[in-house]
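This report looks at how two helices pack and at how charged side chains pair up. Please keep the sequence and the 3D view at hand while reading.

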Amino acid sequence: MLNGTSIKIFSGTSHPELAASIAYRVGLPLSAAEVRRNGIGESLVTIKESVRECDVYIINTGAGESVNASLMETIVLIHACRMASAKRITAVIPLFPYARQDKKDKSRAPITAKLVANMIQTSGCDHVITMDLHASQIQGFFDVPVDKLYAEPSAIRYIQTHFENEDVVIVSPDAGGAKRATSIADRIGVEFAIFHKERKKANEVSRMVLVGSVRDKVAILVDDMADTCGTLALAASHLTEAGAKRVIAIVTHGILSGSALDTIERSSLEKVVVTNTIPQAENLAKCSKIEVLDIGPVLGEVIRRSHYGESISQLFHEVPY
């Protein structure tokens, strides 16, 4: 438990349940702040207790249709704490907004992730904590420290508590996730497979080719993000055709936009396991195949270690108890 006189934890409106879970792990109540919007949609922030010379943590995530409002809340909260003489300000952003816009992939395209990094830094942020960035180079968009956590330890614990190792094969749905899949497979000592996929356009896969054997195995698809779930559903269909006896997906950020829940229900996926980096209560109520892993304890332990100047690298490999 931390000393509440030197640390303050504030929450935006994007994910109050996760903020409460983090604060519970830290052993402190959430600090008092009023975050609201006026009649024309501007973010209004009032910090209701002193933060002078305090170590401040601001929890907000890039979620759903309100991602732009959440981003504005975050930078206004940071600025308010900076103007109130906080000693250090850390933005805890489990799902980094605009993370998929990380490069100039066509003519006249913006690198919006870099713009978001500039906004957060300019508002007065000293440190950023996030989880499973879609592209690791986003860390280099900042001139302040960025701690990128991994959901991999939580995924490994889930696999080891629900399946026998000899029955499992880890599958990456695309070449970009091969490193993630091989890392998990190596750590639990199982085989892995990979899909090569071709896209007609963004979020629409035209063809997938499986490399590796999944016959009579529990195929576990691992990815950092599930948006429309077209890739996962198509991969699950191919895995079933290739002889997999069960197909599970484990995803860090369950965005699940549009008709994603219907796609999951109609697919051969037995279950889609997501973390709560963004709110999942509504998705849980609508889809029986969704299961949620709570990463609040992980983020809470990171805050504790950050406050006391301890190393957080241990959390890259194991889940805190």
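Is glutamate 152 buried or exposed? The sections below, which describe a predicted model, begin with this residue and its salt-bridge partner, and then turn to other parts of the chain.

## Glutamate 152 and its partner

With a relative accessibility of 14%, glutamate 152 counts as buried, because the cut-off for that word is under 20%. Its side chain forms a salt bridge with arginine 187, and the closest N and O atoms of the two residues are 2.9 Å apart. This pair links distant parts of the chain, since glutamate 152 belongs to helix H4 (residues 152-162) and arginine 187 to helix H5 (residues 178-188), with their positions 35 residues apart in the sequence. Arginine 187, for its part, is partly exposed, as its relative accessible area is 37%.

## Two helices side by side

Two packed helices are described by the angle between their axes and by the distance between those axes. For helix H2 (residues 67-83) and helix H3 (residues 112-122), the angle is about 25° and the axes lie 8 Å apart. Angles under 35 degrees count as roughly parallel, and H2 and H3 are therefore described as roughly parallel to each other.

On the side of H2, the contact is made by Leu71, Ile75 and Ile78, while H3 contributes Val116, Met119 and Ile120. When the residues of this contact are sorted by character, 6 are nonpolar, and there are no polar and no charged ones.

## A salt bridge from helix H2

Helix H2 also takes part in a charged pair, for arginine 82 lies in this helix, and aspartate 126 lies in the loop between H3 and strand E6 (127-131), so the pair ties together parts that are 44 residues apart in sequence. The two side chains meet in a salt bridge with an N to O distance of 2.5 Å. Both partners are partly exposed: arginine 82 has a relative accessible area of 27%, and aspartate 126 has a relative accessibility of 29%.

## A network of charged residues

In total, the structure holds 18 salt bridges. One of them joins arginine 304 to glutamate 310, with the closest N and O atoms 2.9 Å apart. Arginine 304 is partly exposed at a relative accessible area of 23%, and glutamate 310 is likewise partly exposed, at 36%.

This pair does not stand alone, because salt bridges that share partners join Arg25, Glu301, Arg304, Arg305 and Glu310 into one network.

Methods
Residues are numbered from 1 along each chain as its sequence is written. This is a predicted model: local features need pLDDT of at least 70, side-chain atom pairs count only at pLDDT 80 or more; totals for chains, interfaces and linings use all residues. Side-chain values use heavy atoms; hydrogens and water are left out. Axes are lines fitted to C-alpha atoms, for helices over the stretch in contact, and angles run from 0 to 180 degrees between N-to-C directions. Helices (H or I, at least four residues) and strands (E, at least two) are DSSP runs, numbered from the N terminus. Angles under 35 degrees count as roughly parallel, over 145 as roughly antiparallel, 65 to 115 as roughly perpendicular and the rest as oblique. Contact means heavy atoms within 4.5 Å. Ala, Val, Leu, Ile, Met, Phe, Trp, Tyr, Cys and Pro count as nonpolar, Asp, Glu, Lys and Arg as charged, and the others, Gly among them, as polar. A salt bridge is a side-chain nitrogen of Lys or Arg within 4 Å of a carboxyl oxygen of Asp or Glu. Buried means under 20% relative accessible area, exposed over 50%, partly exposed in between (1.4 Å probe, protein chains only).
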